[in-house]
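Please open the structure in your viewer and keep the selection panel at hand. The tour below proceeds stop by stop, each beginning with a selection.

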Amino acid sequence: MARVSEIRFVGYAVPDLAAERRFYADVWGLTEVPSDDEMVYFAAEGTDEKYVVRLREDAMQRIDVIGWAAETRADVDALFEQVKANDGKIISEPHELDTLGGGYGFRFFDPNGFTLQISADVERGSKRELAKGEAIPVKISHVVMHSPDHKALVAWYEKALGFRVSDWLGDFMCFMRCNSWHHRLAFLPGPPCFNHVAYDVLTMDDMMRGVGRLKRNDVDIKWGPGRHTAGNNTFSYFTTPNNNVVEYTSELEEVDDDHHQHQVHIPKPETMDQWGSGIGGPQTMPKPSPDAGLWQAAVA
Ligand SMILES: [Fe+2]
């Protein structure tokens, strides 16, 4: 079976591009990448992924595209066949991409209606060793989405894209991996939409320094700081100026990709947050509502 190997980027359309751009550059800690189109691209300096966030201004706020990696062109082709075989709605067949960084890839709708792109052979960006205390993102750590039929979506991501189940929280939250990191993706019940995008920072100390930087920029923590049980990662959740949820996380568990057996964690407060010391909870996060861009291919 062909498998997706990593997450690359998330593309958003937002009504207030200027505010979102300022947030990612001046507060969140990403670095703008020059481009010759009207979109704004951000890299995380700890990864050589050319960009991890793509922003576009539009009155209709939506998720434009979620970019995933395949290791080789042959994997792209094999994943294309797997998506077709599992009734994935194809947007474009594998071709040379003309988006920033190029590469070879295709797009399709997942069963939720989100636009996904799988690519290989993309141009690499620059990367450096971050210093402890810089408190800026190393890379994207995971994406969490809601779905009206989250169990069917879990099965689809297993069959079509080769994800593996790493843990369940009760029967309502499923954590999935595409490599040795405990999760790159998780699903929750609810209307089809994003819950949040998480960014790895180097250490727990970096996360706390990040919390402090956001506080000095009048961005209050929505939930955290805390430590989840599934994946054992620390967390702090915030919202961007356009109300997209972002997370700083650290110390995510690495597992044996081929042999890791999932557990079912009992949902209770000390499972959601082992520390129990932070503010808020799932109830203080923005209410999920259907994404406006479902089943509509992004403009680019
Ligand atoms: Fe998370």
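Begin by selecting helix H2, residues 73–85: its 13 residues should span 18 Å at 1.5 Å a residue, and its end C-alpha atoms are 18 Å apart, which agrees. The expected span is 1.5 Å times one less than the number of residues. Helices (H or I, at least four residues) and strands (E, at least two) are DSSP runs, numbered from the N terminus.

The model is predicted: local features need pLDDT of at least 70 and side-chain atom pairs count only at pLDDT 80 or more, while totals for chains, interfaces and linings use all residues. Residues are numbered from 1 along each chain as its sequence is written, and side-chain values use heavy atoms, with hydrogens and water left out.

**Helix H2**

Within H2, display the side chains of Val76, Leu79, Phe80, Gln82 and Val83, which are buried. These buried residues cover an arc of only 165 degrees around the axis, which puts them on the same side of H2; the arc is that of the directions from the helix axis to the C-beta atoms. Ala74 and Ala85, on the other side of H2, are exposed. Buried means under 20% relative accessible area, exposed over 50%, and partly exposed in between (1.4 Å probe, protein chains only).

Next, add strand E6 (89–96), strand E7 (104–109), strand E8 (115–120) and helix H3 (150–161), against which the buried residues of H2 pack. Contact here means heavy atoms within 4.5 Å. Aspartate 87 follows H2 and has a positive phi, near 60 degrees.

**The two domains**

Colour domain 1 (6–120) and domain 2 (139–284) separately; these bounds come from an automatic or database domain assignment. The domain centres, taken over C-alpha atoms, are separated by 20 Å. Each side supplies residues to the contact: 36 from domain 1 and 36 from domain 2. Between them the domains bury about 3,000 Å², 66% of it on carbon and sulfur atoms. Buried area is the accessible area (1.4 Å probe) that two parts lose on being put together, summed over both.

**The iron site**

Which residues coordinate the iron ion? Select His142 (NE2), His196 (NE2) and Glu247 (OE), which do so at 2.0 to 2.2 Å. Donors are N, O and S atoms within 2.8 Å of the metal (3.2 Å for Na, K and Ca); water is not among the atoms, so sites may look incomplete. Along the chain, the donors follow the spacing H-x53-H-x50-E. Histidine 196 in strand E13 (residues 193–200) and glutamate 247 in strand E16 link distant parts of the chain, 51 residues apart. Histidine 196 counts as buried at 4% relative accessibility, and glutamate 247 counts as buried at 0%.

**Helix H4**

Now select helix H4 (residues 204–216), whose 13 residues reach 19 Å from first C-alpha to last, close to the 18 Å expected. Asp206, Met207, Gly210, Val211, Arg213 and Leu214 are buried in H4. Seen down the axis, these buried residues fall within an arc of 165 degrees, so they line one face of the helix. Lys215 and Arg216 are exposed on the other side of H4. The cover over the buried residues of H4 includes helix H1 (17–28), strand E14 (223–227), strand E15 (234–239) and strand E16 (245–250).

**Methionine 176**

Finally, select methionine 176 in strand E11 (residues 173–177). Methionine 176 is buried, with a relative accessible area of 0%. Leaving aside neighbours within four places in sequence, its contacts include Val154, Tyr157, Phe163, His183 and Phe187.
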